[in-house]
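Got a minute to walk through a model together? Have a look at it first, and then we can talk it over.

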Amino acid sequence: MEWAEKIFSIVSQWGSGAYWLVFGFSFLESLAFLGTLFPGATLVVFAGFLSSQDILKPGSLIFFVFAGAALGDAFSYWLGLKNKRDFKKGKIFFGSDYLEKGCCFLKKYGPESIFLARFMGPARSIIPFVAGAASLRPRVFLSWNLASVALWAISHVLL
């Protein structure tokens with residue numbers, strides 16, 4: 001338990017910086033392709049544990065997790081919109097396996113795939129990019145994305 005007390009002490013000293021760190025992890029995990037390598041959900045669950053120990057405030061934590069994930073998804077969607085020509089021509093060289101799976105997933109489940117992918121590991125960071133590249137209407141993307149991010153943030157923090 002000595003290690004736990006040390007972590008509690010360090011996070012307590014960070015103050016609001018701890019919330020921004022969790023924001024950053026949520027943002028990075030939601031970015032196209034980078035998010036497939038980044039364990040942001042693990043940190044969010046751990047931060048939720050810290051909130052259960054009264055080190056972080058759960059309401060503030062949920063807000064920062066939500067904001068980071070929503071902005072990361074929006075940025076990935078925007079990247080998809082800007083790179084759709086290269087995407088359709090097969091010029092995008094990174095993560096082609098993930099892209100193919102993401103396209104199939106989006107075709108199979110439609111806009112609901114944005115909600116479903118939020119809870120499915122690597123798909124979480126790929127589907128917003130694919131949705132942008134597939135020219136999914138921004139309003140449709142935003143509504144499904146915000147609903148999924150809200151549920152994801154609340155469930156992972158309270159887990």
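What follows is a short chat between a visitor and a guide about this predicted model.

Visitor: Let's start with the basics: how many helices and how many strands are there in the protein?
Guide: Keep in mind that this is a predicted model. Reading from the N terminus, the elements run α-α-α-α-α-α-α-α-α. That makes the tally 9 helices and 0 strands.

Visitor: What percentage of the residues in the protein are buried?
Guide: Buried here means under 20% relative accessible area. The protein has 159 residues, and the buried share of them is 43%.

Visitor: And α8, is that helix enclosed or open, and how many of its residues are buried?
Guide: α8 covers residues 123-133. Its buried residues include R124, S125, I127, P128 and F129. The helix is largely enclosed by the rest of the structure, because the buried count is 11 of the 11 residues.

Visitor: Which residue just after α8 takes a positive phi?
Guide: Most residues other than glycine have a negative phi, so a positive one is worth a look. The one here sits in the loop between α8 (123-133) and α9 (138-158). Its phi is near 60 degrees and it isn't a glycine. With a relative accessible area of 36%, it counts as partly exposed, and it is S135.

Visitor: There's another loop, between α3 and α4; which residue found there has a positive phi?
Guide: That loop lies between α3 (40-52) and α4 (58-82). The residue in question has a phi of about 60 degrees although it is not a glycine. A relative accessible area of 71% is over the 50% cut-off, so this residue is exposed: it's D54.

Visitor: How are α2 and α4 oriented to each other?
Guide: Helix α2 spans residues 16-30, and it packs with α4 at an angle of about 30 degrees, their axes 7 Å apart. Their crossing is right-handed. Angles under 35 degrees count as roughly parallel. The two helices are therefore roughly parallel.

Visitor: Any holes inside? What is the volume of the largest cavity?
Guide: At a threshold of 30 Å³ or more, the structure holds 1 cavity. The volume of the largest cavity comes to about 40 Å³.

Visitor: Which helix supplies the largest share of the lining of that cavity?
Guide: The lining is made up of D73, I114, A117, R118, R124, I127, P128, N145 and S148. At least two of these residues come from each of α7 (112-117), α8 and α9. The largest share is 3 residues, and the helix that gives them is α8.

Visitor: How do the lining residues divide into nonpolar, polar and charged?
Guide: The list mixes types: I114, A117, I127 and P128 are among the lining residues, and so are D73, R118 and R124. N145 and S148 belong to the lining too. The split is 4 nonpolar, 2 polar and 3 charged.

Visitor: One last thing: how far apart in space are E100 and I126?
Guide: E100 is found in helix α6, residues 96-109, and it is exposed, with a relative accessible area of 52%. I126, on the other hand, is one of the buried residues of α8. The two are 26 residues apart in sequence, and their C-alpha to C-alpha distance is 9.9 Å.

Note on methods. Residues are numbered from 1 along each chain as its sequence is written. This is a predicted model: local features need pLDDT of at least 70, side-chain atom pairs count only at pLDDT 80 or more; totals for chains, interfaces and linings use all residues. Side-chain values use heavy atoms; hydrogens and water are left out. Helices (H or I, at least four residues) and strands (E, at least two) are DSSP runs, numbered from the N terminus. Buried means under 20% relative accessible area, exposed over 50%, partly exposed in between (1.4 Å probe, protein chains only). On a 1 Å grid over the protein atoms alone, a cavity is a set of points where a 1.4 Å probe fits but cannot get out, and a pocket is an open set with protein on both sides within 12 Å along at least five of seven lines; lining residues have an atom within 4 Å of a point. Grid points are joined across faces, edges and corners, and a volume is the space filled by probe spheres set on the points. Ala, Val, Leu, Ile, Met, Phe, Trp, Tyr, Cys and Pro count as nonpolar, Asp, Glu, Lys and Arg as charged, and the others, Gly among them, as polar. Axes are lines fitted to C-alpha atoms, for helices over the stretch in contact, and angles run from 0 to 180 degrees between N-to-C directions. Angles under 35 degrees count as roughly parallel, over 145 as roughly antiparallel, 65 to 115 as roughly perpendicular and the rest as oblique. A crossing is left-handed if the near helix is turned anticlockwise from the far one by less than a right angle, and right-handed if clockwise.
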